[in-house]
Amino acid sequence: SMEIMPCSHIGHIYREFDRFGVDPQLQGVNIGRQLDINDGRVAHVWMDEYKKLFFKYRPMKLETLGDLTPRKELRERLQCKSFKWFLENVCRDMYIP
C-alpha cells in the first residue's frame, strides 16, 4: 500500500515481502541498528528544535549518524520550511509535548 501525506515529499511503500531478508547487500548487517541510524539522521536534519524529543526517547551518539552535511545542504538549497511550520500547517492535529 502507499500512503500520501499532503504537502509532503516523503512516501512510504509497504512491501508484501521482506526486502531485508532477500537483499544480498544486507547479509550480515544489523538491520535494526541501521534503521535506528537512519531515523536519527532524519530527526537531526529535519526536526529542528523538536529533535530533542526524538533523541530523548531514542538516545544515540551524533558520531554514529555519519556526515549530515550533504543532507543539511540539500534542505537549505531546497529552502524547505521548518518542522514547526509542518506541525502548525500540515499536521495540525498532532500532539506536541
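**A tour of the rings and cysteines**

Start by selecting Cys-91, which is buried, with a relative accessible area of 13%, a value that falls under the 20% that marks a buried residue. Keep in mind from this first stop onward that the model you have open is a predicted one.

Next, select Cys-80, which is partly exposed, with a relative accessible area of 32%. With the cysteines in view, you may look for disulfides, but a search of the whole structure finds 0 of them.

Now turn to the aromatic side chains, among which the structure holds 3 aromatic pairs. Select Phe-54 and Phe-55, whose ring centres lie 5.0 Å apart with the planes at 90°, so this pair is edge-to-face. Both Phe-54 and Phe-55 are buried, and it may help to hide the rest of the chain while you look at them.

From there, select Tyr-50, Phe-83 and Phe-86 together, since these residues form one aromatic cluster. Then add Lys-81 and Trp-85, and turn the view until you look down on the ring of Trp-85: the charged end of Lys-81 sits over that ring, 5.1 Å from its centre.

To finish, colour the protein chain by pLDDT, for which the mean is 81, with 77% of the residues reaching 70 or more. Select helix 4 (residues 69–77), where confidence is highest, at a mean of 96, and then strand 1 (residues 2–3), where confidence is lowest, at a mean of 50. Where pLDDT is low, the predicted coordinates should not be read in detail.

Notes
Residues numbered from 1 in each chain as written. Predicted model: local features only at pLDDT ≥ 70, side-chain atom pairs only at ≥ 80, totals over all residues. Heavy atoms only, no water. Phe/Tyr/Trp six-rings, centres within 6.5 Å; stacked < 30°, edge-to-face > 60°. Buried < 20%, exposed > 50% of the residue type's maximum accessible area, 1.4 Å probe, protein only. Lys NZ or Arg CZ within 6 Å of the ring centre and 35° of its normal. pLDDT = per-residue confidence, 0-100. Helix = DSSP H or I, 4+ residues; strand = E, 2+ residues; numbered from the N terminus. Disulfide = S-S within 2.5 Å.
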